[in-house]
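Welcome! Let's take a short walk through a protein model, a few pieces at a time. Have the picture open as you read.

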Amino acid sequence: MSANRERVYRGGAARATVLQTVGRRERRSHLTAPRVPTVGIDIGGTKVMAGVVDADGNILEKLRTETPDKSKSPKVVEDTIVELVLDLSERHDVHAVGIGAAGWVDADRSRVLFAPHLSWRDEPLRDRLAERLLVPVMVDNDANTAAWAEWRFGAGRGEADLVMITLGTGIGGAILEGGQVKRGRYGVAGEFGHMQVVQGGHRCACGNRGCWEQYSSGNALVREAREMAAADSPVAYGIIDRVGGAIGEITGPLITELAREGDAMCVELFQDIGQWLGVGIANLAAALDPSCFVIGGGVSAADDLLIAPARDAFRRNLTGRGYRPEARIAKAELGPEAGMVGAADLARLVARRFRRATRRRVERYERYGRVYGRQGAQP
């Protein structure tokens, strides 16, 4: 074990005791959180990304590795996280660790209730990692951490009420009201992708039919392209030629590339999922009335191929259109690092609690030492 790793283990014993949640006053407390480096971890179904982030949202160093196969035990993923943090700790003074997990996290931000792409079921991730790393640990849903990062450092700066929608394989989301992440009573708010928009529609992995993410997501994009290619549609010849007839090799990035080159079918597919995106955003505006929608996730890389039709559909379907202010729709600015940056920044709130608790403990010991020292000097 290296000297720096020994420092993490031996010098941080007291930190594991300061693991209470930071409450729901994030907007106020982040202004007074210590400007210290923290580690953010973004855990998805295919990759684990870890980075040291400073108080201004700058990434000082980043590491990435493949997510262990989901059939393996939760401890395998936990071991991967610990190794990444210890590696970064050899070169940086890590004050806290934030985890953005692709799954449902309880309201106390301590347990992963369910992760569809990992073998986590009611997993006490915060406490297990804190016990091994001996620094304060915060756990949250990855969409929540991404939304926090965009609100603090990206497209949502200056907005008090923000909704983030992440378009990837499916649709995730998060809500910020008054600068606070709204996690819901049980911690699972923001699962927008499973709002049902078509009765009896496409079957969803969640068990229902007609979920929003079946019509506006990376999976929807690829499914439609492959169906057109399998039907040998004349409009699909461009993409069929590109994959040499291997329809299974049609992917989201390829569709995006062809759409940017002007392929008519691929452009039309983005218009379709963009329109469904706009319909869903209009529904969310009716329910939540935010000032800004931030669109992130891998599919958002298509830029105006997706965002422009979404804005048009939003305006056409907005309740009370013409008589109410329209929320701004913006593309996320922080890219795939948003979840990692947000997790690190939220962890800084836990570091603040640790630093205050440590300061009080040190002051108490010093006071006792002075008292006992004077008493010992008396004859």
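This is a predicted model. A good place to begin is helix α10, whose buried residues pack against β9 (162-167), α9 (264-288), β12 (292-296) and β13 (328-331). From there we can look at its partner α9, then at another helix and two single residues.

**Helix α10**

- Helix α10 covers residues 304-317, which makes 14 residues.
- At 1.5 Å a residue, α10 should span 20 Å, and its end C-alpha atoms are 19 Å apart, so the two values agree.
- Which residues of α10 are buried? They are Leu306, Ile307, Pro309, Ala310, Ala313 and Phe314.

**How α9 and α10 meet**

- Two packed helices are described by the angle between their axes and the distance between those axes.
- The axes of α9 and α10 come within 6 Å and cross at roughly 45 degrees.
- Angles from 35 up to 65 degrees fall between roughly parallel and roughly perpendicular, and α9 and α10 are therefore oblique to each other.
- The crossing of α9 past α10 is right-handed.
- On the α9 side, the residues that meet α10 include Val267, Phe270, Ile273, Leu277 and Ile281.
- On the α10 side, Leu305, Leu306, Pro309, Ala310, Ala313, Phe314, Arg316 and Asn317 take part.
- Sorted by type, the residues of this contact between α9 and α10 are 14 nonpolar, five polar and one charged.

**Helix α5**

- Helix α5 has 12 residues, 142-153, with an expected span of 16 Å at 1.5 Å a residue; its end C-alpha atoms are 16 Å apart, which agrees.
- Why can α5 be called largely enclosed by the rest of the structure? The reason is that 10 of its 12 residues are buried.
- Among these buried residues are Trp148, Trp151 and Phe153, along with Asn144 and Glu150.

**Two residues to find yourself**

- Threonine 256 sits in helix α8 (residues 252-260).
- Is threonine 256 buried or exposed? Its relative accessible area is 11%, so threonine 256 counts as buried, the cut-off being under 20%.
- Setting aside neighbours within four places in sequence, threonine 256 touches Phe270, Ala302 and Leu305.
- Serine 291 lies in the loop between α9 and β12, and with a relative accessible area of 31% it is partly exposed.
- Beyond its neighbours within four places in sequence, serine 291 is in contact with Glu159, Ala160, Asp161, Ala327 and Arg328.
- Serine 291 and valine 163 are 128 residues apart in sequence, yet their C-alpha atoms are 8.3 Å apart in space.

Note on methods: Residues are numbered from 1 along each chain as its sequence is written. This is a predicted model: local features need pLDDT of at least 70, side-chain atom pairs count only at pLDDT 80 or more; totals for chains, interfaces and linings use all residues. Side-chain values use heavy atoms; hydrogens and water are left out. Helices (H or I, at least four residues) and strands (E, at least two) are DSSP runs, numbered from the N terminus. The expected span of a helix is 1.5 Å times one less than its number of residues. Buried means under 20% relative accessible area, exposed over 50%, partly exposed in between (1.4 Å probe, protein chains only). Contact means heavy atoms within 4.5 Å. Axes are lines fitted to C-alpha atoms, for helices over the stretch in contact, and angles run from 0 to 180 degrees between N-to-C directions. Angles under 35 degrees count as roughly parallel, over 145 as roughly antiparallel, 65 to 115 as roughly perpendicular and the rest as oblique. A crossing is left-handed if the near helix is turned anticlockwise from the far one by less than a right angle, and right-handed if clockwise. Ala, Val, Leu, Ile, Met, Phe, Trp, Tyr, Cys and Pro count as nonpolar, Asp, Glu, Lys and Arg as charged, and the others, Gly among them, as polar.
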